[in-house]
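Me: Please take me through this structure term by term, and set each value against the definition behind it.

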Amino acid sequence: MERLDKFLSSSGVCTRSQGKAILKAGRVTVDGTVERDGARKIDPDTQTVCLDGEVLSGKRRVVLMLNKPAGFVTATEDPVEKTVMELLPPELRRLDVKPVGRLDKATEGLLLFTNDGDLLHRLISPKKEVPKVYYARHEGQAAQEDVQAFAAGLMLGDGTVCLPAELEPIGPGESRITLREGKYHQVRRMMASRGLTVTYLERRQEGALTLGELPRGAVRELTETEVRSLEP
Ligand code: URA
């Protein structure tokens, strides 16, 4: 059961305050009867809610891509820090989206959000092995032994075992890293275990998805084709 005003706003048709006016105007029906009380509890699975005669199917599934800037924590709320939620326009935030996995406060780049809980769990499961590609600048130069250590599956200082990963040195103090899992501070800790200190980190790709032309700090909805490409 869910409040009617919450149902209306999470359907993406209005804000919570617009919902009040819409309800007051008698534009909403529940099972064919006009309902003006936003506090009324409804069951979206068994009841039919209409706005101006059009059936609302409830929460529209969305998957979003954000080009995260540094300085925001990946959390839905934080008492002190700015969160990635603040970067979403209100009409998208209203759809109850949550970040898929996390990027550290200092890390930039591709971060997905969705309001589909099943999809979220499938995407963060290491069993799915969606490759994630990072660009790192670091102190020290990655050598062939480091590349081999990544490929073999590194063990971190605290005993954490990492899945085999790719390390490609692409310039002096620059590397591309491909992971198939997302442990806490994973790239930074893997690099540190090889004596390489990451000074800048950006996620550039997840599966077939890249940031493309999306500016830093901007967000866009994925198309259905893009969503399907995440779950081959
Ligand atoms: N690895 C890290 O160390 N940080 C991130 O934000 C993502 C991967």
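**Strands, pairs and turns**

Me: What makes strand 13 and strand 14 a hairpin, and which residue in the turn has a positive phi?

Reply: Strand 13 and strand 14 form a hairpin with two residues between them, and G207 in the turn has a positive phi of about 55 degrees. This is a predicted model, in which local features need pLDDT of at least 70 and side-chain atom pairs count only at pLDDT 80 or more, while totals for chains, interfaces and linings use all residues. Residues are numbered from 1 along each chain as its sequence is written, and side-chain values use heavy atoms, with hydrogens and water left out.

Me: How do you know that strand 13 and strand 14 are paired?

Reply: Strands are DSSP runs of E with at least two residues, numbered from the N terminus, and two of them pair if DSSP finds at least two bridges between them. Strand 13 and strand 14 (residues 209–210) run antiparallel and are joined by two bridges, so they meet that cut-off. The bridge partner of Q205 in strand 14 is T210.

Me: Which other strands pair with strand 13, and in what sense?

Reply: Strand 10 pairs with strand 13 in the antiparallel sense over eight bridges, and V133 has Q205 as its bridge partner in strand 13. Strand 9 (residues 108–114) runs parallel to strand 13 and is joined to it by two bridges, with R203 of strand 13 as the bridge partner of G109.

Me: What makes strand 3 and strand 6 edge strands?

Reply: The open sheet to which they belong has four strands in the order 3-2-5-6, with antiparallel pairing. Strand 3 (33–34) and strand 6 (54–56) each have a single partner strand, so one side of each is left without a neighbour in the sheet. Strand 2 (residues 28–30) pairs with strand 3 over two bridges, and T33 in strand 3 is the bridge partner of V30.

**Pocket and ligand**

Me: Why is the largest space of about 300 Å³ called a pocket?

Reply: On a 1 Å grid over the protein atoms alone, a cavity is a set of points where a 1.4 Å probe fits but cannot get out, whereas a pocket is an open set with protein on both sides within 12 Å along at least five of seven lines. The largest pocket has a volume of about 300 Å³, a volume being the space filled by probe spheres set on the grid points. Lining residues have an atom within 4 Å of a point; there are 22 of them here, with R102, Y134, G182, K183 and R203 nearest the centre.

Me: Where does the largest pocket lie relative to the domains?

Reply: Domain 2 (61–128 + 211–232) and domain 3 (131–206) both give residues to its lining, so the pocket lies between them. The bounds come from an automatic or database domain assignment, which also gives domain 1 (2–55).

Me: What makes the approach of H185 to the ligand a polar contact?

Reply: A polar contact is a pair of N or O atoms within 3.5 Å, and a polar backbone atom of H185 is 3.2 Å from an oxygen atom of the ligand. Backbone N or O atoms of two other residues also lie at listed distances from a ligand oxygen atom: 3.4 Å for Q186 and 3.0 Å for R188. The residues around the ligand include L103, D104, Y134 and L201, where being near requires a heavy atom within 4 Å.

Methods. Polar contact = N/O pair within 3.5 Å; in protein donor to acceptor, adjacent residues only side chain to side chain.
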